[in-house]
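Let's take a walk through this model, from its ligand sites to its cores, helices and loops. Keep the structure open while you read.

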Amino acid sequence: MRLVEVFDTTLRDGLQVEGVTATVDDKLRIAEQLDHLGVHYIEGGWPGANPKDIEFFARAQTELSLSTSTLVAFGSTRRPRGKTDDDATLRNLLEANTSAVCIVAKSAEYHVVEALQTTLDEGAAMIADSVEFLRSAGRTVLVDMEHFFDGYKQNPEFSLRAIEAAVVQGASHLVLCDTNGGTLPHEVARIVADVKSHVGDDAIIGIHCHDDTGCAVANSIAAVEAGAGHIQGTLNGLGERTGNTNLTTVIPNLQLKMGYTCLPDGRIERLTAVSHHVAETLNRAVDPQAPYVGSSAFAHKAGLHVSAIARAKDAYEHVAPEAVGNGTRFVVSEMAGRATIQMKADEIGIDIDGQQINQVIDDLKRLEHEGYQFEAADASLELLMRRAVGSVPEFFRVESMRVITDELPGGIAGGAFSTEATVKVWVGPNGPDGDDAERHVSIAEGNGPVNAIDGALRKAIERAVPRVAGIHLTDYKVRILDGGSATGATTRVLLSATDGTRDWTTIGVSPNIIEASWRALEDSLVYGLLPRES
Ligand SMILES: CC(=O)SCCNC(=O)CCNC(=O)[C@H](O)C(C)(C)COP(=O)(O)OP(=O)(O)OC[C@H]1O[C@@H](n2cnc3c(N)ncnc32)[C@H](O)[C@@H]1OP(=O)(O)O
Ligand SMILES: CC(=O)C(=O)O
């Protein structure tokens, strides 16, 4: 199997996307994750560009112990009309003390003339001098040929001259960059093949793509098929503008489908975990629909799909999700059929018959039509199914609930609002229908209606059902479903809770926000009180 090296630039180009930043600690932790995944190279940043990257490379020497990957410092060629000996960028690259460095070199006539404002001879000399300088200091030198594809289309002679300048001085890799991301796969295939025939085995051809046409992964694959032996990209496709080649997509495509070796044995199974770990560290969630690693990548919602999967596991999956550390999930919604409900019941451990399944499907479809969304509310779904089979104990029965909000004197300018809820419930050691059941009336104040009814309900049942004290609400989300109805709109409330070991979410929907909240709250407490197998 042909080896294709993986060069990760999450810590350099990945951080060039707006809205994402990382501390030095974050960068060190991400480097550890990339090593754990087994990429060949980790580009850590641009030493000298900012104090953070200087500190990163300094601390990496003592705090990072990489077992699989090589750390790379990034910089540029020397400045136009300057000398290598007194070039600050090159000096900083050496001070980073990495065995390999990657320098960006302008390989397009337009950029040499317009951006560097110099001649083509000087452009080529900047590359040759810089590679020679870094090689003579003992570094492995990879060269990112910036704007290579655009440059090659405009003036192939100069772009090949830039390549030549690097090869002659001993660059190990010539990385062809689609810097503006506008090149398409058929062009990449043709140009990489041309360069490969030119360079032969004198250096490894690499590919570095941006996703401006949505083709970064396809372009990288086209380059590999045309002879590239090195792909650059980022985890989750982070990167300048629309991002870089997404390694979490291109690696499994190359390795699982095309037979190339990108990661050492036993590592590709870590892909999903590492992708999510890095996303978490950078506070940027993985797109649920990301191929291979997204939470929806192997989630099945359509009833017909689930029915087929129940009979043949791989019926609707292009690869085994476990191959990349992901897993199959079934989403229960109005699109569910009998097979979906049966599989969900098996998963939860509910014994359900055909008639009860029909009941669940009818309830589910009716409620989703009213605005419920059970895929977001696991606990309400489970209660719906358990109620259909009669396995939800009645811990308490609510006789009535009333909530009043008063504006105290002072008006909008100076007044305060006070909210009070009254809840009447039946509870008892043997449930609300037991001979020993009692009626409890409790009142609670709150900083708003939901807070007040939560307080009053808990107070009313806590003596008979003390376990309610261990249930804590953690999140409360309200969504307006038909904004056009203004204040008369239907609202959907999602309430999340925990008992310290489990987290769950319930849902309530109503044109009355208090009723929607109340339904979600009741379900939340009932779910938290269900007996659990230890
Ligand atoms: C395609 C890419 O993604 S390459 C990576 C780009 N990444 C970054 O730019 C992030 C980090 N960059 C920085 O912190 C700063 O831009 C620095 C420290 C690198 C440079 O800062 P400054 O010296 O203030 O220059 P500035 O940002 O204006 O860049 C223009 C200078 O870079 C030079 N330059 C641009 N590309 C190159 C190159 N490939 N090789 C050598 N010099 C270059 C220009 O000639 C210009 O030099 P001049 O001001 O002497 O005429
Ligand atoms: C080097 C680089 O990041 C680019 O050309 O896109």
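Helices and strands here are DSSP runs, at least four residues long for a helix and at least two for a strand, numbered from the N terminus. Keep in mind that this is a predicted model.

## The two ligand sites

Start with ligand 1, which has 15 residues around it. The closest are Ala 49, Ser 76, Thr 77, Val 104 and Leu 116. Which strand gives the most to this shell? That would be β4, residues 100-106, with three residues. By class, the shell around ligand 1 is a mix of six nonpolar, four polar and five charged residues.

Around ligand 2 you'll find Asp 13, Val 104, Asp 144, Glu 146, Cys 177, Thr 179, His 208 and His 210. That shell splits into two nonpolar, three polar and three charged residues. Val 104 turns up here and is also listed among the closest residues to ligand 1.

## The annotated domain and the cores

An unreviewed UniProt entry carries the annotation "domain: Pyruvate carboxyltransferase" for residues 4-269. In the model, that stretch is 43% helix and 17% strand, and its end C-alpha atoms sit 18 Å apart.

In soluble globular proteins, nonpolar side chains tend to be buried together. Here the largest nonpolar core has 95 residues, and the members touching the most others are Ile 127, Val 143, Met 145, Ala 166, Leu 174, Leu 176 and Val 192. Take Val 143: leaving out residues up to four places away in sequence, it touches Ile 103, Ala 105, Ile 127, Val 131, Ala 166, Ala 171, His 173, Leu 174 and Val 175. There is also a second, separate core of 48 residues, which includes Ile 352, Ala 388, Ala 421 and Trp 518.

## Two helices worth a look

Helix α5 runs over residues 120-136, and its 17 residues reach 24 Å from first C-alpha to last, close to the 24 Å expected at 1.5 Å a residue. Its buried residues include Met 126, Ile 127, Val 131, Phe 133 and Leu 134, but also Asp 129 and Ser 130. What do the buried residues of α5 pack against? Their partners are α3 (88-95), β4, α4 (109-114), β5 (140-146) and α7 (156-168). Just after α5, Gly 138 takes a positive phi of about 90°.

Helix α9 (residues 216-225) is mostly covered, with nine of its ten residues buried. Among the buried ones are Val 217, Asn 219, Ile 221 and Val 224. They pack against β6, α8 (185-199), β7 (204-209), β8 and α10. Gly 227, just after α9, takes a positive phi of about 125°.

## Odd backbones in two loops

Most residues other than glycine have a negative phi. Asn 236 is not a glycine, yet its phi is positive, at about 65°. You'll find Asn 236 in the loop between β8 (230-233) and α10 (247-257). Is Asn 236 buried or exposed? With 27 other C-beta atoms within 10 Å, Asn 236 is buried.

Tyr 292 is another non-glycine residue with a positive phi of about 65°. Its place is the loop between α11 (271-281) and β9 (299-300). Tyr 292 has 25 other C-beta atoms within 10 Å, so it counts as buried.

## Residues with fewer neighbours

The cut-off for buried is 20 or more C-beta neighbours within 10 Å, while 12 or fewer makes a residue exposed. Asp 351, in the loop between α13 (338-348) and α14 (354-370), has 9 such neighbours and therefore counts as exposed. Its C-alpha is 74 Å from that of Asp 87, 264 residues away along the chain.

Leu 28, in helix α1 (residues 24-37), is partly exposed because it has 18 other C-beta atoms within 10 Å. Not counting residues up to four places away in sequence, Leu 28 touches Arg 59, Ala 60, Glu 63 and Leu 64. Leu 28 and Phe 56 are 28 residues apart in sequence and 7.3 Å apart in space, C-alpha to C-alpha.

Gln 169 lies in the loop between α7 and β6 (173-178). Gln 169 has 19 C-beta neighbours inside 10 Å, so it counts as partly exposed. Setting aside neighbours within four places in sequence, Gln 169 is in contact with Ala 128, Val 131, Glu 132 and Arg 135.

Technical notes: Residues are numbered from 1 along each chain as its sequence is written. Chains are lettered from A and ligands numbered from 1 in the order in which they are written. This is a predicted model: local features need pLDDT of at least 70, side-chain atom pairs count only at pLDDT 80 or more; totals for chains, interfaces and linings use all residues. A residue is near a molecule or strand if its C-beta atom, placed from the backbone, lies within 6 Å of it. Ala, Val, Leu, Ile, Met, Phe, Trp, Tyr, Cys and Pro count as nonpolar, Asp, Glu, Lys and Arg as charged, and the others, Gly among them, as polar. A nonpolar core is a set of buried Ala, Val, Leu, Ile, Met, Phe, Trp, Tyr and Cys residues joined through C-beta atoms within 7 Å. Two residues are in contact if their C-beta atoms, placed from the backbone, lie within 7 Å. UniProt positions are given in the numbering used here, feature names are shortened, and annotations may be inferred rather than shown by experiment. The expected span of a helix is 1.5 Å times one less than its number of residues.
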